[in-house]
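Me: I have a model open and want the reasoning behind a few labels. Keep the answers short.

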Amino acid sequence: MEHLAILPIVVPLFAGALLALIDDRHHTLKLAINIAATVVLFAISLWLLADVHEGVARTTTYNLGNWPVPYGIVLVVDPLSAVMVALTSILALGAVLFSAARWHRAGQHFNSLFQLLLMGLSGAFLTGDLFNLFVFFEVLLAASYGLALHASGRSRVKASLHYIAVNLASSSLFLIGATAIYGVAGTLNMADLAVRIPQLSPSDLTLFQTGAAVLGVAFLVKAGMWPLGMWLPATYSAAAPPVAAMFAILSKLGVYVILRLSALFFDESGTSANFGDLVLQYGGIATIVFGTVGVLASQGVARIACFSVLVSSGTTLAVIGYGDAGATAGALYYLVSSPLALACLFLLIELMERGRSAGDDVLAITLEAYGDDEDLMHEQEVGVATPGAFATLGAAFICCAILIAGMPPLSGFLGKFAIISAMLDLGAEGGVPAGAWALIGVLIVSGLAATVALMRHGINTFWVSLDGVLPAIRSVEAAAIVLLLGLGILMTVFAQPVMAYMSMAADTVYARGEYLATVLSNASLGGQP
């Protein structure tokens with residue numbers, strides 16, 4: 001129990017190192033180790049969730065080597081970090097199961113890179129120090145570079161080169177911002193920084209805010225805020241399906257860091273209260289608008305899914321900008337529901353496109369553009385039974401569309417409803433802010449746009465002739481889709497306890513006293529050095 005906090009980092013680290021030593025010709029062995037390590041990570045993440053939810057203290061720390069804060073490395077487990085690690089492990093389990101059909105053999109070192117990506121993500125969510133956040137950030141980026149290139153292909157290489165260039169620039173901004181912060185405050189421990197900020201002189205405070213702004217830009221690039229997220233649709237749509245499913249959580253890492261740092265550094269009672277809030281509010285709304293336009297303009301479902309990732313990020317960023325615990329609780333619920341649906345859709349895309357020729361795609365687009373509905377084949381096929389696999393794909397696609405569009409009764413609707421309700425509550429005393437009305441409006445319009453775009457593509461895909469080769473779905477692929485969709489549906493069935501947990505997570509983030517007291521008490525749950 002006392003070493004539980006470090007296991008989400010240690011397990012994928014050792015699994016990735018072991019997999020790197022095994023020859024790639026042993027595909028089955030490497031896949032088995034990858035799946036086993038991911039299952040263990042999933043079990044650990046559930047243990048962390050239960051420990052945080054049922055424990056006496058909502059925040060616990062793990063001081064590596066028993067070095068006191070701020071001199072040593074500290075891991076912090078609270079409701080927010082625990083739920084993000086759990087979400088990472090769930091997406092990873094779905095992706096690795098889907099890859100077992102054939103994608104793990106499509107390129108070299110897939111399994112080891114996959115585990116190193118999990119190590120970087122888990123460490124980034126659990127760390128309480130900006131320097132170690134940079135270390136884990138670079139680990140996951142290095143792994144994502146290799147995964148983005150997995151399975152080769154000209155379009156994949158082109159998109160990956162853009163992805164690498166953008167993220168190298170983002171890493172440089174991270175270093176510049178962290179250096180400025182350290183030069184002013186003399187520490188990079190997040191809790192220690194939160195204590196020292198009010199003690200800074202006006203000139204030093206200005207330099208600190210400049211460093212924080214540069215640091216924020218680095219993570220807004222990762223979150224995909226407009227206009228910094230232009231790279232995202234091309235990269236995600238070109239990636240292999242299990243890789244794209246895992247990439248659905250990468251943008252949420254940027255959102256997580258923005259939420260964590262803004263709540264710690266710029267609380268309402270401090271000298272830098274509301275720093276950057278307007279940027280998040282209106283930048284998030286602009287991102288939703290950009291993503292909505294992209295959803296409507298996209299002809300392929302992969303591009304629709306990519307622009308939906310931007311809509312999801314913009315929604316959470318805009319809500320974070322208001323600094324309200326109630327609204328943030330709804331945003332966290334939506335933040336968990338949205339990647340599950342998007343990851344499932346990325347996996348479904350590959351199954352839906354099996355057996356379809358390029359000519360079929362061109363014909364569907366031509367018919368849609370010119371309104372040619374005189375198809376005699378439709379009259380001849382009335383009453384023909386739909387094969388089970390095709391019908392199953394259609395049902396799964398409908399569930400994903402409902403989740404992504406935020407239509408009732410599934411969890412996507414509940415998350416958006418909670419956000420809109422909290423936005424309206426902001427004006428209980430002095431009227432709803434204009435920005436809140438704008439956010440509510442674009443949320444509704446984005447849901448309508450997603451409904452139209454996904455319905456259009458669903459008709460072009462499933463309401464067609466079945467003379468071609470029908471997709472063959474393997475059991476591991478079906479298991480991955482059932483896992484992700486099932487959890488999205490379970491979030492609807494158990495909405496009350498899930499929302500209660502998200503409210504606890506939001507309260508813990510904004511009521512930062514417990515976080516600061518726990519980290520700065522130098523209490524250690526680790527072993528002796």
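Me: What makes the two faces of strand 2 count as covered?
Reply: This is a predicted model. In strand 2 (residues 74–77), Val 74 and Val 76 are buried on one side, and Leu 75 and Val 77 are buried on the other. Side chains in a regular strand alternate between the two faces of the sheet.

Me: How do you know that strand 1 and strand 2 pair, and in which sense?
Reply: Pairing needs at least two bridges. Strand 1 (residues 60–63) and strand 2 share four bridges, in the antiparallel sense, so they count as paired. One of the bridge partners is Leu 75 in strand 2, which is set against Tyr 62.

Me: Why is Glu 350 called buried?
Reply: Its relative accessibility is 11%. Buried means under 20%, so Glu 350 counts as buried. Glu 350 is found in helix 14. Beyond its neighbours within four places in sequence, Glu 350 is in contact with Phe 98, Arg 102, Trp 103, Pro 241 and Glu 477.

Me: What is the make-up of the lining of the second largest pocket, by class?
Reply: There are 17 nonpolar residues, one polar and no charged. The lining has 18 residues, and Leu 46, Leu 49, Val 83, Met 491 and Val 498 lie nearest the centre. The pocket's volume is about 580 Å³. Helices that each supply at least two lining residues include helix 2 (27–54) and helix 14 (325–352).

Me: How do you know what span to expect of helix 8?
Reply: Helix 8 (residues 202–223) has 22 residues, and 32 Å is expected at 1.5 Å a residue. From first C-alpha to last, helix 8 reaches 30 Å, close to that value. Just after helix 8, Gly 224 takes a positive phi of about 85 degrees.

How values were computed. Residues numbered from 1 in each chain as written. Predicted model: local features only at pLDDT ≥ 70, side-chain atom pairs only at ≥ 80, totals over all residues. Heavy atoms only, no water. Expected span 1.5 Å × (residues − 1). 1 Å grid on protein atoms, 1.4 Å probe; cavity = no way out; pocket = protein on both sides within 12 Å on 5 of 7 lines; lining within 4 Å. Points joined across faces, edges and corners; volume = space filled by probe spheres on them. Nonpolar A, V, L, I, M, F, W, Y, C, P; charged D, E, K, R; others polar. Buried < 20%, exposed > 50% of the residue type's maximum accessible area, 1.4 Å probe, protein only. Contact = heavy atoms within 4.5 Å.
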